[in-house]
Amino acid sequence: ALGMTTEELATELRAGSTIAEVAAAKAVDIQVVVDAVVAEITANIQEHVADGSITQEAPMLGWPSCPTA
């Protein structure tokens with residue numbers, strides 16, 4: 001969403017910028033960034049559920065797994 005690598009973003013964050021500031025500097029609406037992050041996390045969870053490395057409930061309890069009550 002920001003048109004930069006993870007390393008480039010990490011450099012900006014280490015330099016003191018927030019993700020919102022980086023987005024604004026690149027004329028990207030912060031909601032676009034939020035939506036992209038949520039989509040990536042959701043896809044990652046779905047992949048792990050599909051391959052059986054986590055259960056459907058695990059993401060709600062803690063990553064990657066958490067004892068159930």
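## The loop between α2 and α3

A27 is placed in the loop between α2 and α3, and in this predicted model the residue has a positive phi of about 55° although it is not a glycine. With a relative accessibility of 71%, A27 counts as exposed, because the cut-off for that class is over 50%.

K26 lies in the loop between α2 and α3 as well, but K26 is partly exposed, its relative accessible area being 39%. Leaving aside residues up to four places away in sequence, K26 touches L2 and M4. For the first of these partners, the C-alpha atoms of K26 and L2 are separated by 6.9 Å, although the two residues are 24 residues apart along the chain.

## Overall architecture

The chain contains four helices and zero strands, and its pattern, read along the sequence, is α-α-α-α. Among the contacts in the chain with a separation of 6 or more, 21% are accounted for by residues 24 or more positions apart.

Of the 69 residues in the chain, 12% are buried. The accessible surface of the chain comes to about 5200 Å², and carbon and sulfur atoms hold 59% of that surface.

## The nonpolar core

Six residues, namely L2, L9, V22, A23, V28 and V33, make up the largest nonpolar core. L2 therefore belongs to this core, whose members are buried residues joined through side-chain atoms, and L2 is also one of the residues that K26 touches when those up to four places away in sequence are not counted.

V28, another member of the core, touches A1, L2, A23 and V33, again not counting residues up to four places away in sequence. Three of these partners, L2, A23 and V33, are themselves listed in the largest nonpolar core.

## The nonpolar surface patch

On the surface, L13, I19, I30, V34 and V38 form a nonpolar patch, and together these residues have about 370 Å² of accessible area. Helix α3, which covers residues 30–50, gives the most to the nonpolar patch, with three residues.

I19, also in the patch, lies in helix α2, which covers residues 19–25. The relative accessible area of I19 is 36%, so the residue is classed as partly exposed, and this value also satisfies the requirement of over 30% that applies to members of a patch.

How values were computed. Residues numbered from 1 in each chain as written. Predicted model: local features only at pLDDT ≥ 70, side-chain atom pairs only at ≥ 80, totals over all residues. Heavy atoms only, no water. Patch = residues over 30% accessible without salt bridge, like charges linked within 9 Å, V, L, I, M, F, W, Y side chains within 5 Å. Areas by Shrake-Rupley, 256 points an atom, 1.4 Å probe, with all protein chains shown as cover. Salt bridge = Lys/Arg side-chain N within 4 Å of Asp/Glu carboxyl O. Helix = DSSP H or I, 4+ residues; strand = E, 2+ residues; numbered from the N terminus. Buried < 20%, exposed > 50% of the residue type's maximum accessible area, 1.4 Å probe, protein only. Contact = heavy atoms within 4.5 Å. Core = buried A, V, L, I, M, F, W, Y, C linked by side-chain atoms within 4.5 Å.
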